[in-house]
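Hi,

Here is the structure we talked about. Have a look at it first, and then read on for what turned up.

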Amino acid sequence: MNQALESLLDLLDLEQIEEDIFRGVSRSALVPRVFGGQVAAQALVAAGRTVPADRPAHSLHAYFLRAGDPGAPIVYTVDRIRDGRSFTTRRVVAVQHGQPIFHLSASFQTHEEGLEHQTGMPSAPDPETLPTAAEMLPRHLPADVAERLVEARAAVDLRYADVPPWGTVGQPREPRSQVWFRTNGKLADHPLLHVCLATYVSDMTLLDSVLLAHGRGGWAVGDVVGASLDHAMWFHRPFRADEWLLYDQESPSASGGRGLGQARIWTQDGQLAVTVIQEGVVRVPR
């Protein structure tokens with residue numbers, strides 16, 4: 001396990017300061033606000049700490065309300081909405097400087113047998129044949145920007161199946177993007193930990209497909225201004241975040257200064273693990 005992954009795991013190990021109240025800190029960000037995937041993952045950790053271990057998370061729905069301050073702690077308050085025979089529901093509000101910055105609802109379920117089907121996994125190159133971020137990013141970005149991005153994502157081995165948006169600026173492409181990812185080190189056998197780490201990574205690249213449709217490079221080249229607005233995930237089957245996962249992403253629409261990304265996360269052996277949908281602000285600077 002590398003140092004960056006250890007730091008990320010420490011970040012997700014929230015401090016409990018009262019019954020159903022937790023406190024988290026932030027890591028340095030590429031932009032002057034808290035990374036959305038961090039807040040979502042920490043909020044899910046807080047919710048999961050109040051749920052029996054035999055009820056894994058099966059869905060979350062969240063809204064990003066305000067930009068988070070990386071220099072201040074975040075307080076997570078959990079509301080125990082419902083504890084049923086099969087399902088448990090939690091609501092989490094993240095607060096900084098006396099104001100809510102993030103809201104999450106999450107549902108957890110006991111294991112059940114039932115109907116089973118899934119769509120087919122899309123084709124994708126073998127992740128081991130793809131360049132690492134440290135190898136690929138300097139080919140398409142200024143050295144200082146590439147170095148900061150590699151450092152920010154050092155806890156995760158994330159590999160693009162094709163050239164990322166900032167590598168083909170001015171050349172609109174099909175609004176679809178694929179990345180393989182796994183943590184840079186083995187993790188404990190704790191289902192909530194793997195779900196939270198997938199939640200963390202899911203906010204890194206989901207809106208790339210919106211940029212591809214318009215030949216935009218995003219924040220890295222300064223030709224759009226963006227921020228996550230909402231985020232939803234459905235966890236269909238068990239998976240490990242320390243094993244290769246394919247993040248297959250596409251954008252069906254962009255309008256009104258917003259772009260929609262939808263995606264599926266697959267295990268390397270073809271199991272559909274997660275569905276993700278996110279809308280974000282995508283504005284062209286004047």
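Below are my notes on the salt bridges, the aromatic pairs and one helix.

Keep in mind that this is a predicted model.

Salt bridges first. There are 15 of them in the structure. One joins the side chains of Glu19 and Arg80, at 3.6 Å from N to O. That pair links distant parts of the chain, since Glu19 sits in the loop between strand S1 (15-18) and strand S2 (21-24) and Arg80 belongs to strand S4 (residues 74-83), 61 residues apart. Glu19 is exposed, at 52% relative accessible area, while Arg80 comes out as partly exposed at 38%.

Lys186 and Asp242 make another salt bridge through their side chains, again listed at 3.6 Å, N to O. Lys186 is in the loop between strand S8 (176-183) and helix H5 (191-205), and Asp242 is in the loop between strand S9 (225-235) and strand S10 (245-255), so this contact ties together parts that are 56 residues apart in sequence. What about burial here: is Lys186 buried or exposed? Lys186 is exposed, with a relative accessible area of 52%. Asp242, on the other hand, is buried at 6%, because anything under 20% relative accessible area counts as buried. These two also belong to a wider arrangement: Lys186, Asp189, Arg240 and Asp242 are linked in a network of salt bridges. If you are setting up charges, that is the group I'd open in the viewer.

The last salt bridge on my list is Arg258 with Glu279, where the closest N and O atoms are 2.9 Å apart. Arg258 lies in strand S11 (residues 258-267) and Glu279 in strand S12 (residues 272-283), so the pair ties together parts 21 residues apart in sequence. Arg258 is partly exposed, at 35% relative accessibility.

Now the rings. How many aromatic pairs does the structure hold? It holds four. In one of them, Tyr160 and Trp166 have ring centres 6.0 Å apart and planes at 80°, so the pair is edge-to-face. Both residues are buried: Tyr160 has 5% relative accessibility and Trp166 has 6%.

Phe181 and Tyr247 form another edge-to-face pair, with 6.2 Å from centre to centre and 75° between the planes. Phe181 is in strand S8 and Tyr247 in strand S10, so the two rings tie together parts that are 66 residues apart in sequence. Burial again holds for both partners, with Phe181 at 2% relative accessibility and Tyr247 at 0%.

Finally, helix H4 (residues 143-152). Its buried residues are Val145, Ala146 and Leu149. Why do they end up on the same side of H4? They cover an arc of only 95° around the axis, which puts them on one side of the helix. The general background is that an α-helix has 3.6 residues a turn, so residues three or four places apart point the same way. The face of H4 turned away from the buried side carries the exposed residues Ala143, Glu147 and Glu151.

That's the lot from me.

Cheers

Technical notes
Residues are numbered from 1 along each chain as its sequence is written. This is a predicted model: local features need pLDDT of at least 70, side-chain atom pairs count only at pLDDT 80 or more; totals for chains, interfaces and linings use all residues. Side-chain values use heavy atoms; hydrogens and water are left out. Buried means under 20% relative accessible area, exposed over 50%, partly exposed in between (1.4 Å probe, protein chains only). Helices (H or I, at least four residues) and strands (E, at least two) are DSSP runs, numbered from the N terminus. The arc is that of the directions from the helix axis to the C-beta atoms. A salt bridge is a side-chain nitrogen of Lys or Arg within 4 Å of a carboxyl oxygen of Asp or Glu. Rings of Phe, Tyr and Trp (its six-membered ring) pair if their centres lie within 6.5 Å; planes under 30 degrees apart count as stacked, over 60 as edge-to-face and the rest as tilted.
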